[in-house]
Amino acid sequence: MAWFSKKPRIAARQEPTEEQAPSRMQGLWAKCENCDEIIYRQELEKNIMVCPHCEHHHPWSARARLAGLLDPDSFEEFDKELEPQDPLGFSDSKKYKDRLKSTRKNLEENDAFISGVGRIEGHPVSVGCFVFEFMGGSMGSVVGEKVTRVFERAYELKYPAIIFSASGGARMQEGIFSLMQMAKTSAAIARFRNGNKPYVSVLLHPTTGGVAASFAWLGDIILAEPKALIGFAGPRVIEQTIRQKLPEGFQRSEFLLEHGMIDAIVPRKEMRSRLSQLLRMVG
């Protein structure tokens, strides 16, 4: 019998070893990436994803953030139906439309930004928050449109605007359509300022690229979480461009505060009260 006509052997089914078998404890614990302490996940979530040992700020999902910072049941979401398209028919290791489809299914979000209106200790706000898990919080046409609508809605309702930014920058799969959102969102802020209401920009880890180069840096008040990476290009790219070693902590919140680039660093546990204080003062 020729080799190509042989039937493949069916390997005997092997039971998973003790190491391979799924554990009932899996997912119950988390390891702090800063201090390496093992933390009970429920305790970490109760502590709004801040390590109880070293105060390191772990990623906090957009919906959990909005639920934790806004008054209970005050958030009304808008523009949820907007979905990104594939105007360029872009394809790399995977077709863009397929990448969008799988990401939507996994996260149950249509894109990388959630927007609406709500209240913070009774103060009404037009608010938006990036979903970093959705393609690195990249800004495409829909994200830019939703950010623009945050300011348009704030202008019409005479509300202050608050945006929580966490992004890797422009979405390359949409090319020039993505880059145009930088000008579009900046123009919306210029019109919003005619209403004499404040725009509070909160920079999370990381805030980079086209988002940092546009509306994220245009806040009347700019806050940041501790040790957040904030800047246009990454430190490695800058070092290779200028051929110089960058200072320690370059592009972190603390470095930017020291050099006058942001107004304050606000730990997550104090963010709600600080925002409320600012809204009382300038809102």
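**Strand E4 and the largest pocket**

Let me begin with one pair of residues: arginine 119 has proline 124 as its bridge partner in E5, where strands are DSSP runs of at least two residues, helices (H or I) are runs of at least four, and both are numbered from the N terminus. This is a predicted model, in which local features need pLDDT of at least 70, side-chain atom pairs count only at pLDDT 80 or more, and totals for chains, interfaces and linings use all residues. Residues are numbered from 1 along each chain as its sequence is written, and side-chain values use heavy atoms, with hydrogens and water left out.

E4 and strand E5 (residues 123-130) pair in the antiparallel sense over eight bridges, and pairing requires that DSSP find at least two bridges between two strands. Two residues lie between the strands of this hairpin, in which glutamate 121 takes a positive phi near 50°. E4 also pairs with strand E3 (residues 76-78), again in the antiparallel sense, over three bridges, and here glutamate 77 stands opposite glycine 116 in E4.

Why is strand E4 (residues 113-120) described as largely enclosed by the rest of the structure? Seven of its eight residues are buried, so the strand is largely enclosed, with buried meaning under 20% relative accessible area, exposed over 50% and partly exposed in between, for a 1.4 Å probe and protein chains only.
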